[in-house]
Amino acid sequence: MMKKRKGRVIALGTILACSIGLGTLSVEAGNENSLYSFKIKKEQGNEYTRTKYRQTTTERNTWKVRMYHSQEGTNTYTTYWLERSDGTNVSPSVKVTAGSGGEKSGRNHYVKGNAGANAAKVRLTAENNNYSSSTYTVDGYWDEETGRILPGQYKTYYTTEYNK
């Protein structure tokens with residue numbers, strides 16, 4: 001009798017633990033800040049982060065990039081977009097303006113993905129906006145999926161101040 005009861009308690013505990021675990025897996029993606037640091041290559045060579053899984057099936061669920069520092073200087077531009085690890089571009093590109101160097105400077109750019117970015121591993125990719133023989137470093141934050149839906153009045157992206 002005691003053995004049966006102990007078995008039921010273990011089975012109930014296992015079911016409860018699995019339920020909590022499955023509930024955790026179904027949480028929506030949040031608006032996060034993953035740090036990146038690139039050495040932008042000469043002649044518009046591409047530089048990129050490691051891939052992250054973008055679980056959304058909605059193209060208007062934006063990804064985010066902010067560049068708080070560029071060795072080229074404040075208010076200079078670098079071009080960013082999402083691509084898969086095979087080099088296929090899966091979002092429109094956006095020219096991002098460098099902040100003044102402080103980690104809270106710069107503006108967030110929220111950009112829509114293309115259908116190829118849905119339920120796929122993607123990476124942040126960058127290149128110099130000018131065809132130049134110079135190299136420079138950039139630093140900032142990105143998120144492959146923010147949970148923010150692109151407002152209808154914008155076609156591809158919108159910008160906000162820091163932390164908005």
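Hi everyone. Before we start, one term: two strands count as paired when DSSP finds at least two bridges between them. Keep that in mind for Val65, which stands opposite Trp142 in strand β9. And please remember that we are looking at a predicted model.

Let's begin with β9 itself. This strand covers residues 136–143, and seven of its eight residues are buried. So much for its surroundings; what about its partners?

One partner is strand β1, residues 34–40, which runs antiparallel to β9 and is joined to it by seven bridges. If you want a residue pair to click on, take Phe38: its bridge partner in β9 is Val138.

Another partner is strand β4, residues 63–70. Here six bridges make the connection to β9, and again the two strands run antiparallel. This is where our opening pair belongs, with Val65 across from Trp142 of β9.

Now stay on β4 and move to strand β7. How many bridges join β4 to β7? Three, with the strands antiparallel. Lys64 is the residue to find, as it stands opposite Tyr110 in β7.

β7 spans residues 108–111, and its side chains are nice to look at. Asn108 and Tyr110 point one way, His109 and Val111 point the other way, and all of them are buried.

Finally, follow β7 on to strand β10, residues 157–160. Four bridges link these two in the antiparallel sense. Tyr110 turns up once more here, with Tyr158 as its bridge partner in β10.

So, for a quick tour on your own screen, start from Phe38 and Val138, go on to Val65 and Trp142, and finish at Tyr110 and Tyr158. Thanks, everyone!

Conventions: Residues are numbered from 1 along each chain as its sequence is written. This is a predicted model: local features need pLDDT of at least 70, side-chain atom pairs count only at pLDDT 80 or more; totals for chains, interfaces and linings use all residues. Side-chain values use heavy atoms; hydrogens and water are left out. Buried means under 20% relative accessible area, exposed over 50%, partly exposed in between (1.4 Å probe, protein chains only).
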